Amino acid sequence: MPSKITLGYKAMLEAANAVVKSLTPDEAITLQKREDVVFVDLRDPRELTREGKIPGAFHCTRGMLEFWIDPESPYAKPIFQEDKTFVFYCASGWRSALSARTAQEMGLGPVAHVTGGFTAWRAAGGEVEKVESRG
């Protein structure tokens, strides 16, 4: 008998969006060049190569987020130990909402995410930086 999913992605997104600050693309664009803000790109490397990224964004695939945030992890990244605001984004705002909630629950803060993700950022006229394939 197949598993019965008791908590779907829609409910998870609703819960995340209820506790995480959501930024419109225009609000996020105004924060882009601030020294006290780090944009965190959660997308797959293929997405970055294909579509580019927000200039200066730190790339952290969704699968490594918890390990890179936790200073006790052997994979911890120093950027997450800085006194900054972390703005998460993905392609459409789903992964970033869930990631921002996880980061917030872990104690990272302040955090926010971009509603509509990179797709909305680009549509709003946000800057895009080309990313070369590491292939």
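Reader: Let's start at the N terminus. Is Met-1 buried or exposed?

Author: Exposed means over 50% relative accessible area. Met-1 has 99%, so it counts as exposed. Keep in mind that we're looking at a predicted model.

Reader: Where does Met-1 sit relative to the helices?

Author: Met-1 belongs to the segment before α1 (9–19). For a sense of distance, take Leu-98: the C-alpha atoms of Met-1 and Leu-98 are 29 Å apart in space, with their places 97 residues apart in sequence.

Reader: Okay, zooming out. How many helices and strands does the protein have?

Author: Six helices and five strands. Read from the N terminus, the order is α-β-α-β-α-β-α-β-α-β-α. As for how that chain packs, the radius of gyration is 15 Å, close to the 14 Å from the globule rule for 135 residues, so the protein is as compact as a globular protein of that length.

Reader: What box do the C-alpha atoms fill?

Author: Roughly 45 × 35 × 35 Å, taken along the principal axes.

Reader: And how do I read the contacts by sequence separation?

Author: Start with pairs at least 6 apart in sequence, then ask what share is at least 24 apart. In this protein that share is 64%.

Reader: What about the surface and the burial?

Author: Accessible surface can be split by atom type. Here the total is about 7,900 Å², and carbon and sulfur atoms hold 55% of it. Burial is counted per residue, with under 20% relative accessible area as the cut-off; buried residues make up 39% of the 135.

Reader: I always check the charges too. How far apart are the mean positions of the positive and negative ones?

Author: They're 6 Å apart, with 17 positive and 18 negative charges in the count.

Reader: Now pick a charged residue for me. Is Arg-43 buried or exposed?

Author: Buried: Arg-43 has 0% relative accessibility, so it falls in that class. You'll find Arg-43 in the loop between β2 (37–41) and α3 (45–51).

Reader: Which polar partners does the side chain of Arg-43 have?

Author: One is the side chain of Asp-41, in a polar contact of 2.7 Å with that of Arg-43. Another is the backbone oxygen of Gly-52, 2.6 Å from a polar atom of the Arg-43 side chain.

Reader: Which residues does Arg-43 contact beyond its sequence neighbours?

Author: Skip everything within four places in sequence, and the contacts of Arg-43 include Leu-48, Glu-51, Gly-52, His-59, Tyr-89, Arg-95 and Phe-118. So there's another arginine, Arg-95, among the contacts of the buried Arg-43.

Key: Residues are numbered from 1 along each chain as its sequence is written. This is a predicted model: local features need pLDDT of at least 70, side-chain atom pairs count only at pLDDT 80 or more; totals for chains, interfaces and linings use all residues. Side-chain values use heavy atoms; hydrogens and water are left out. Helices (H or I, at least four residues) and strands (E, at least two) are DSSP runs, numbered from the N terminus. The radius of gyration is taken over C-alpha atoms; the globule rule is 2.2 Å times the number of residues to the power 0.38. Buried means under 20% relative accessible area, exposed over 50%, partly exposed in between (1.4 Å probe, protein chains only). Contact means heavy atoms within 4.5 Å. Accessible areas come from the Shrake-Rupley method with a 1.4 Å probe; for residues, only the protein chains shown count as cover. Lys and Arg count as positive and Asp and Glu as negative; His and the chain ends are not counted. The place of a charge is taken as NZ of Lys, CZ of Arg, CG of Asp or CD of Glu. A polar contact is a pair of N or O atoms within 3.5 Å; within protein, one must be able to donate a hydrogen and the other to accept it, and residues adjacent in sequence count only if both atoms are side-chain atoms.
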